[in-house]
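Here is a friendly briefing on how side chains meet inside a protein. Take a look at the sequence and the model first, then follow the points below.

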Amino acid sequence: MVTLLERSDSDALQVNSGDTAWILVSSALVFIMAPGVGYFYSGMARSKNAVSLVFLCMIAMAIVSIQWMIWGYSLALSDTSNNAFIGDLNYGLLLYVGDKPHVNAPTIPGDVYALFQCMFAALTPALALGGAAERIRILPAVLFCFVWTTIVYDPIAYWSWAPKGWMNVMGSLDYAGGTPVHIASGFGALAFSLVLGKRQGFGSEKFAPHNYLNIILGTSLLWFGWFGFNGGSAVASNGRAGLAATVTHIAACMGGLAWSFIAYFRHGKKFSSFHFCSGAISGLVAITPASGFVRPWSALVFGLISGIACHFAVDFKENFGFDDALDVFAVHGVGGVVGNLLTGIFASKEVAALNGAIIKGGWMDRHWVQFGYQLAASCSGAGWSFVVTGIILIAFNFIPGLHLRIHEEGEISGTDMAEMGEHGYKFATIEPLPVGRERTLSAEENGGVPRGIVFANPPPSNKSTVTNTEGNEKPASVHRV
């Protein structure tokens with residue numbers, strides 16, 4: 001049985017090759033979640049912003065990984081600091097990490113643990129950027145990721161997981177990132193949406209997802225990666241890791257079903273892949289802080305309650321008039337809080353003991369105060385993220401060249417072309433011109449191209465004109481999307 005609570009003097013003898021291999025695999029699984037977020041976001045957005053959203057998620061991985069190497073790992077997870085708020089710089093540049101195990105992971109080399117935790121840090125600001133989708137400039141967004149990780153993510157991660165972090169010392173339970181990852185990103189996204197303001201047309205236009213296949217692909221990558229996200233948080237290859245992966249899958253399934261059936265009866269009795277995917281992610285978010293503490297039957301409750309709560313939380317942006325473009329606050333902010341609180345109820349000391357960890361459990365073990373600990377952690381993480389994110393964003397707007405919001409013309413043309421000079425599709429839409437009364441050109445009359453779609457670089461015969469039944473040429477109304 002592996003003990004994760006203390007490290008003996010014989011560190012080199014404790015390193016386990018099986019545990020090390022599993023955490024390396026888990027690191028790769030969590031990495032896959034970055035493009036997963038990108039594809040999920042790109043599918044939800046309009047097509048003219050699709051490429052930039054995937055790009056932002058990947059460049060966030062790059063910039064935060066550099067920050068993590070410079071000082072992020074040391075600030076967030078130092079086991080040599082006696083500070084309750086933030087770590088020291090003893091592990092700066094990863095100079096003194098090497099093979100020495102971290103106190104949180106005594107059976108794997110320290111550099112493997114640092115890599116695994118780097119994936120968590122890199123994913124979090126990418127999630128938060130969803131609150132500013134379709135209207136944020138890329139350059140300030142890149143710099144924001146570096147700053148935000150340093151003064152928002154790193155402190156919250158230290159509070160939650162470092163040996164001397166005040167939440168950890170208090171007794172808050174957070175197995176895989178309910179507060180540092182999901183609550184921080186969700187409330188950061190809320191601050192983003194408020195500081196940047198609404199998109200043009202918000203409230204008067206319907207912003208529907210443009211590519212449901214991207215949403216399904218992104219969800220699949222996220223679901224797949226979450227097995228490493230939660231299963232790897234055991235920092236060992238053991239029964240607790242297996243149980244964490246199991247409850248992760250169950251909660252995702254239940255969350256997807258709960259959201260789908262609620263939406264079915266609220267929206268015209270039709271099923272939607274988008275609703276199922278959103279519900280699955282809400283279940284994954286909620287089970288994250290509890291995945292190493294609860295039994296499989298409890299995961300059903302996590303998925304059910306998170307699916308319901310996050311579904312109705314989506315209505316907040318319409319009811320309160322803020323433009324959280326991709327529902328980050330509803331799914332990650334609300335889902336993270338729901339998961340944290342339910343952990344205070346369903347956490348089991350018997351499950352934690354599968355690898356030697358000792359906790360007092362939650363209400364199921366008659367440890368009533370645990371719910372209060374979870375509430376305190378949730379409020380602290382949410383408040384810190386929301387307030388500090390807002391301060392960072394306001395400060396950026398006062399720095400020449402770092403204003404966050406894209407110019408009006410760029411928002412109309414889309415961030416793909418305005419910020420990157422690229423577009424994600426080789427197609428453009430065509431609005432067929434009327435021919436006679438109440439009639440438009442057929443596909444055959446339009447050169448065999450179906451109505452509504454034309455190649456961005458069509459053949460010469462179809463490049464700029466179409467022919468009607470009278471043989472007269474008329475210009476086609478073509479625009480990129």
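Arg46, Glu134, Arg135, Arg199 and Asp323 are joined in a network of salt bridges. The model you are looking at is predicted, and it holds eight salt bridges. The points below go through some of these charged pairs, then turn to cysteines, aromatic rings and one isoleucine.

**Salt bridges**

- Side chains of opposite charge can pair when their charged atoms come close.
- One such pair in the network is Arg135 with Asp323, whose side chains meet at 4.0 Å, N to O.
- Arg135 sits in the loop between helix 4 (110–128) and helix 5 (138–161), while Asp323 sits in the loop between helix 12 (316–320) and helix 13 (328–346), so this salt bridge ties together parts that are 188 residues apart in sequence.
- Are these two residues buried or exposed? Both Arg135 and Asp323 are buried.
- Another salt bridge joins Arg266 to Asp315, with 3.2 Å between the closest N and O atoms.
- Arg266 belongs to helix 9 (residues 239–266) and Asp315 to the loop between helix 11 (296–313) and helix 12, so the pair ties together parts that are 49 residues apart in sequence.
- Arg266 has a relative accessible area of 38%, so it counts as partly exposed.
- Glu411 and Arg405 form a salt bridge too, and their closest N and O atoms are 2.9 Å apart.
- The two partners can be compared by their accessibility: Glu411 is buried, with a relative accessible area of 5%, whereas Arg405 is partly exposed, at 23%.

**Cysteines**

- How many disulfides does the structure hold? The count is zero.
- Take Cys145 as an example: its nearest cysteine sulfur belongs to Cys57 and is 9.0 Å away, and Cys145 is in no disulfide.
- A disulfide needs two cysteine sulfur atoms within 2.5 Å, and that cut-off is the one to hold against the 9.0 Å between the sulfurs of Cys145 and Cys57.
- Cys145 is buried, with a relative accessible area of 2%.
- Cys277 also counts as buried, at 4% relative accessibility.

**Aromatic rings**

- The structure holds 27 aromatic pairs.
- Trp226 and Phe229 make one of them, a tilted pair with 5.6 Å from centre to centre and 55° between the planes.
- These two residues lie three residues apart in helix 8 (residues 212–231), so about one helical turn separates Trp226 from Phe229.
- Trp226 and Phe229 are both buried.
- For an edge-to-face pair, look at Phe322 and Phe329, where the centres are 6.2 Å apart and the planes meet at 80°.
- Phe322 is buried at 11% relative accessibility, and Phe329 is buried with a relative accessible area of 10%.
- Ring pairs also build a cluster, which links Phe116, Phe120, Trp161, Trp226 and Phe229.

**A look at Ile151**

- Where is Ile151 placed? You will find Ile151 in helix 5.
- With a relative accessible area of 35%, Ile151 is partly exposed.
- Which residues does Ile151 touch, not counting residues up to four places away in sequence? Its contacts are Trp384, Val388 and Ile392.
- Ile151 and Ile86 are 65 residues apart in sequence, and their C-alpha atoms are 9.6 Å apart in space.

Key
Residues numbered from 1 in each chain as written. Predicted model: local features only at pLDDT ≥ 70, side-chain atom pairs only at ≥ 80, totals over all residues. Heavy atoms only, no water. Helix = DSSP H or I, 4+ residues; strand = E, 2+ residues; numbered from the N terminus. Buried < 20%, exposed > 50% of the residue type's maximum accessible area, 1.4 Å probe, protein only. Phe/Tyr/Trp six-rings, centres within 6.5 Å; stacked < 30°, edge-to-face > 60°. Contact = heavy atoms within 4.5 Å.
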